[in-house]
Amino acid sequence: HYLLNGKIFCGECGKPMKSTGGTSKSGFRKKYYTCLGKQQHVCDNPSINKTAIEDVVVQVVQAFLAKESNVDNVIKDIMEYTVKNTPNFDKLTDMIAETDKKIKNYMFALEQGIELDGTVKRLKELQDIKKKQESELEANKKGAGGITPLQYKKFFEHFKDIKIEDPRAKEYLIKTFVNSVT
């Protein structure tokens, strides 16, 4: 089972690398990733041992996840992405901007000495509305997608100690975190 199929590309020519294998004279089965360019005689990059490259990729991912600042940055990016792609985010942001515009207009009127019945009362209502809208936006940010930053942190911690000897764990880690390897 080749874990990097469709994800590994030649560092020389950029073409995909495909799974290949052979049997040694002693009957030992060897598995490799070989550049398609090499098979087409346009690249001379050597084949790469399957187990060796897969183990290196897993070790790189684990080293990345072991650094807390990396995980924190990934979680921050996930939360920002989720919030921005939540339907309420744009709506709430627009509502806050509109309410803020109304507040500024009322403030301008008061500064110009224009005070009609209920102007101050309406200004206070708008300020309260804006606070509620901002609170709702913050609540969306904290629980974006229903998953909190702490839950994401626990999820990522799960991968720190995966044993590369466990083929299923290795496969899960690669499927979860690796998009491409060059």
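# Salt bridges, cores and helix H7

With a relative accessibility of 44%, Lys124 falls in the partly exposed class. Its salt-bridge partner is Asp128, and the side chains of these two residues meet at 3.0 Å, N to O. Lys124 and Asp128 are about one helical turn from each other because they are four residues apart in helix H5, which covers residues 119–142. Asp128 is likewise partly exposed, at 31% relative accessibility. The model described here is predicted.

## Salt bridges

In total, the structure contains 11 salt bridges. In general terms, side chains of opposite charge can pair when their charged atoms come close. Besides the Lys124 and Asp128 pair in H5, two further pairs are described here.

In helix H4 (residues 87–111), Asp100 and Lys104 are four residues apart, so about one turn of the helix separates them. Their side chains form a salt bridge with an N to O distance of 3.6 Å. Lys104 is exposed, whereas Asp100 is partly exposed. In helix H3, Glu80 and Lys76 are also four residues apart, about one helical turn, and their side chains form a salt bridge at 3.7 Å, N to O. Both partners count as partly exposed, Glu80 at 36% and Lys76 at 47%.

The accessibilities of these paired residues are as follows.

| Residue | Relative accessible area | Class |
|---|---|---|
| Lys76 | 47% | partly exposed |
| Glu80 | 36% | partly exposed |
| Asp100 | 22% | partly exposed |
| Lys104 | 54% | exposed |
| Lys124 | 44% | partly exposed |
| Asp128 | 31% | partly exposed |

Beyond the single pairs, one network of salt bridges with shared partners links Asp100, Lys104, Lys130 and Glu134.

## Nonpolar cores

In soluble globular proteins, nonpolar side chains tend to be buried together. Here the largest nonpolar core is made of 27 residues, and Leu4, Ile8, Tyr33, Val57, Ile174 and Val178 have the most contacts inside it. At least two residues of this core come from each of strand E2 (29–35), helix H2 (50–66), helix H3 (68–84), helix H6 (149–157) and helix H7 (167–177). The greatest contribution is that of H2, which supplies five residues.

What does Leu4 touch, apart from residues up to four places away in sequence? The contacts are with Tyr33, Ile53, Glu54, Val57, Ile174, Val178 and Val181. A second core lies apart from the largest one; it has five residues, including Val83, Leu92, Ile96 and Leu137.

## Helix H7

The buried residues of H7 include Ile174, one of the residues with the most contacts inside the largest core. Ala169, Lys170 and Leu173 are buried in H7 together with Ile174. Viewed along the helix axis, the buried residues of H7 fall within an arc of 130°, and therefore they line one face of the helix. This buried set packs against H2.

On the face of H7 turned away from the buried side are the exposed residues Pro167, Arg168 and Lys175. The N-terminal end of H7 is capped by Asp166, with a side-chain oxygen 3.1 Å from the backbone nitrogen of Arg168.

## Thr20 in strand E1

Strand E1 spans residues 17–23 and includes Thr20. Is Thr20 buried or exposed? Its relative accessible area is 19%, and it therefore counts as buried. When neighbours within four places in sequence are left aside, the residues in contact with Thr20 are Tyr2, Lys30, Lys31, Tyr32, Tyr33, Thr34 and Gln39.

## Cysteines without a disulfide

A disulfide is a covalent bond between the sulfur atoms of two cysteines. How many disulfides does the structure hold? It holds zero. For Cys13, the closest cysteine sulfur is that of Cys35, at 3.4 Å, which is too far for a bond. The cut-off for counting a disulfide is a sulfur pair within 2.5 Å. Cys35, in turn, takes part in no disulfide, and its nearest cysteine sulfur is that of Cys13. As for accessibility, Cys35 is buried, with a relative accessibility of 0%, while Cys13 is partly exposed at 34%.

Key: Residues are numbered from 1 along each chain as its sequence is written. This is a predicted model: local features need pLDDT of at least 70, side-chain atom pairs count only at pLDDT 80 or more; totals for chains, interfaces and linings use all residues. Side-chain values use heavy atoms; hydrogens and water are left out. A nonpolar core is a set of buried Ala, Val, Leu, Ile, Met, Phe, Trp, Tyr and Cys residues joined through side-chain atoms within 4.5 Å. Buried means under 20% relative accessible area, exposed over 50%, partly exposed in between (1.4 Å probe, protein chains only). Contact means heavy atoms within 4.5 Å. A salt bridge is a side-chain nitrogen of Lys or Arg within 4 Å of a carboxyl oxygen of Asp or Glu. The arc is that of the directions from the helix axis to the C-beta atoms. A polar contact is a pair of N or O atoms within 3.5 Å; within protein, one must be able to donate a hydrogen and the other to accept it, and residues adjacent in sequence count only if both atoms are side-chain atoms.
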